[in-house]
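Visitor: I would like to check the labels on this model one by one. Can we set each value against its cut-off?

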Amino acid sequence: MTQSKMSLDDQINEQTKSRSSIVCGIRMIEFFSGIGGMRYGVEQALQQLAESASAADQSSSSISSRNRLKLESCEAYEISLHANRTYAHNFQEKCSAAKQKTSKASK
């Protein structure tokens, strides 16, 4: 069948059959990151989405199930040095130490 006679859906399916999955990177900033609970939750949610998409791939070859999400980068900021050390241990990445502004009360 020539491309002019193929439906749009057939053309898209034909083009995507040979392609590998599309990876969409998510960038995240954590303020008050603590030990990384929010990042851990995001990573777990993305993993569950990937697993459900894999199950959908096995049952059909829909285009939407070919898209994958992953955490591309994460910038984390925390004032507590202890929390920063724990964050670095949990994720093998350094958490930026936020500087705390202090002001003296004037008389």
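**Labels and their reasons**

Visitor: Why is R27 called exposed?
Guide: R27 has 67% relative accessibility. Exposed means over 50%, so R27 earns the label. Keep in mind that this is a predicted model.

Visitor: What makes the contact of E72 with R27 a salt bridge?
Guide: The closest N and O atoms of E72 and R27 are 3.9 Å apart. The limit is 4 Å, so the pair counts.

Visitor: Why is this pair said to tie parts of the chain together?
Guide: E72 is in strand β2, whereas R27 is in strand β1. They are 45 residues apart in sequence, so the bridge ties those two parts together.

Visitor: How many salt bridges are there in total?
Guide: The structure holds 3.

**A network of charges**

Visitor: What makes R39, E43 and E93 a network?
Guide: Salt bridges link these residues. R39 pairs with E43, with closest N and O atoms 3.0 Å apart. R39 also pairs with E93, and there the closest N and O atoms are 3.0 Å apart. Both values are within 4 Å, so both pairs qualify.

Visitor: Which parts of the chain does the R39 and E93 pair link?
Guide: Distant ones: R39 lies in helix α2, and E93 in the loop between α3 and β3 (96–97). They are 54 residues apart.

Visitor: Why are E43 and R39 separated by about one helical turn?
Guide: They are 4 residues apart in helix α2.

Visitor: Is R39 buried or exposed?
Guide: Buried, because its relative accessible area is 7% and the label needs under 20%.

Visitor: How do you know that E43 and E93 are partly exposed?
Guide: E43 has 27% relative accessibility. E93 has a relative accessible area of 34%. Each value falls between 20% and 50%, so partly exposed is the label.

**Aromatic pairs**

Visitor: How many aromatic pairs does the structure hold?
Guide: There are 2.

Visitor: What makes F31 and Y77 a stacked pair?
Guide: Their rings are 5.6 Å centre to centre, with 20° between the planes. Pairing needs centres within 6.5 Å, and stacking needs planes under 30 degrees apart, so both tests are met. F31 belongs to strand β1 and Y77 to strand β2 (residues 67–78), so the pair ties together parts 46 residues apart in sequence.

Visitor: Why do F31 and Y77 get separate accessibility labels?
Guide: F31 has a relative accessible area of 56%, so it is exposed. Y77 has 29% relative accessibility, so it counts as partly exposed.

Visitor: Why is the pair of Y87 and F91 called tilted?
Guide: The planes of Y87 and F91 are at 50°. Stacked needs under 30 degrees and edge-to-face needs over 60, so the pair is tilted. The ring centres are 4.9 Å apart, and the limit for a pair is 6.5 Å. Y87 and F91 are 4 residues apart in helix α3 (residues 81–91), which means about one helical turn.

Visitor: How do you know that Y87 and F91 are buried?
Guide: The relative accessible area is 1% for Y87 and 13% for F91. Both are under 20%, so both are buried.

**The loop after β1**

Visitor: Where does F32 sit, and what makes it exposed?
Guide: F32 is in the loop between β1 (22–31) and α2 (37–59). Its relative accessibility is 76%, and the label needs over 50%.

Visitor: Which residues form a nonpolar patch with F32?
Guide: I29 and F31. Together with F32 they have about 420 Å² of accessible area on the surface.

Visitor: Why is S33 called buried?
Guide: S33 also belongs to the loop between β1 and α2. Its relative accessibility is 7%, and under 20% is buried, so the label fits. Leaving aside residues up to four places away in sequence, S33 touches A76, Y77, E78, Y87 and C95.

**Cysteines**

Visitor: Why is there no bond between C74 and C95?
Guide: The sulfur of C74 is 8.5 Å from that of C95, its closest cysteine sulfur. A disulfide needs 2.5 Å or less, so the pair fails. The disulfide count is 0.

Visitor: Are C74 and C95 buried or exposed?
Guide: C74 is buried, because its relative accessible area is 10%. C95 is buried too, at 4%.

Terms used. Residues numbered from 1 in each chain as written. Predicted model: local features only at pLDDT ≥ 70, side-chain atom pairs only at ≥ 80, totals over all residues. Heavy atoms only, no water. Patch = residues over 30% accessible without salt bridge, like charges linked within 9 Å, V, L, I, M, F, W, Y side chains within 5 Å. Areas by Shrake-Rupley, 256 points an atom, 1.4 Å probe, with all protein chains shown as cover. Salt bridge = Lys/Arg side-chain N within 4 Å of Asp/Glu carboxyl O. Buried < 20%, exposed > 50% of the residue type's maximum accessible area, 1.4 Å probe, protein only. Phe/Tyr/Trp six-rings, centres within 6.5 Å; stacked < 30°, edge-to-face > 60°. Contact = heavy atoms within 4.5 Å.
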